[in-house]
Amino acid sequence: MLTSVDTDLIRVLADPLRLQIVNLLAKETLCTTHLVEETGAKQTNLSNHLKVLREAGFVETEPCGRYIYYRLKPDVLASLAGQFTDLAESARTAAVNKRACP
């Protein structure tokens, strides 16, 4: 049983703008222009956050003419959710295990 969560993935999602991007991409595939409109972030700032999300494996790109569309990779989120599920199960077990003080 896995008893820890991938901290690198958590750090990626800890940024409010990146989490907002993930939430938007969970609903539909969007290009940078759409994401700028939805978030109000500057295009360069948004591009940097999208790069972090791509490198972490959360999103993939699809070129379409002069635009690049971004889509969420649900398997990465499912894996992270599974890690939290395993951690919760471990916590349930730990509730009955109490180490004695010296």
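In this predicted model, helix 4 lies across strand 2 and strand 3, and its direction runs at about 120 degrees to strand 2. The exercises below start from that arrangement and work outwards.

**Exercise 1.** Determine how the strands are ordered in the sheet, and which of them lie at its edges.

*Solution.* Begin with the order: 3 strands form an open sheet in the order 1-3-2, with antiparallel pairing. Next, look for strands that pair on one side only, and these edge strands turn out to be strand 1 (30–31) and strand 2 (59–64). Then follow one pairing in detail: strand 1 and strand 3 (residues 67–72) run antiparallel and are joined by 2 bridges. Within this part of the sheet, Cys31 stands opposite Tyr69 in strand 3. Finally, add the helix that packs on the sheet, which is helix 2 (residues 16–25), touching strand 1, strand 2 and strand 3, with a direction at about 90 degrees to that of strand 3.

**Exercise 2.** Describe how helix 2 and helix 4 pack, and state which classes of residue make their contact.

*Solution.* Take the geometry as the starting point: the axes of the two helices are 10 Å apart, and the packing angle is about 75 degrees. Angles of 65 to 115 degrees count as roughly perpendicular, so helix 2 is roughly perpendicular to helix 4. The residues come next, with Leu17, Arg18, Ile21 and Val22 on the side of helix 2, and Asn45, Leu46, His49, Leu50, Val52 and Leu53 on the side of helix 4. Sorted by class, the residues of this contact are 7 nonpolar, 2 polar and 1 charged.

**Exercise 3.** Carry out the analysis for helix 3 and helix 4, including the handedness of their crossing.

*Solution.* The axes of helix 3 (residues 32–39) and helix 4 (residues 43–55) come within 10 Å and cross at roughly 110 degrees. These helices are therefore roughly perpendicular to each other, and the crossing is right-handed. On helix 3 the residues involved are Thr32, Leu35, Val36 and Thr39, which meet Gln43, Leu46, Ser47 and Leu50 in helix 4. Their classes are 4 nonpolar and 4 polar, with no charged residue.

**Exercise 4.** Place these elements within the whole chain, and compare its radius of gyration with that of a compact globule.

*Solution.* Count the elements, which come to 5 helices and 3 strands, and read them along the sequence as α-α-β-α-α-β-β-α. Then turn to the dimensions: the chain has a radius of gyration of 18 Å, whereas a compact globule of 102 residues would have one near 13 Å. Along the principal axes, the C-alpha atoms fill a box of roughly 65 × 25 × 20 Å.

Definitions and conventions: Residues numbered from 1 in each chain as written. Predicted model: local features only at pLDDT ≥ 70, side-chain atom pairs only at ≥ 80, totals over all residues. Heavy atoms only, no water. Axes fitted to C-alpha atoms, helices over the stretch in contact; angles between N-to-C directions. Helix = DSSP H or I, 4+ residues; strand = E, 2+ residues; numbered from the N terminus. Parallel < 35°, antiparallel > 145°, perpendicular 65-115°, else oblique. Left-handed = near helix turned anticlockwise from the far one by under 90°. Contact = heavy atoms within 4.5 Å. Nonpolar A, V, L, I, M, F, W, Y, C, P; charged D, E, K, R; others polar. Pairing = 2+ DSSP bridges. Rg over C-alpha atoms; globule rule 2.2 N^0.38 Å.
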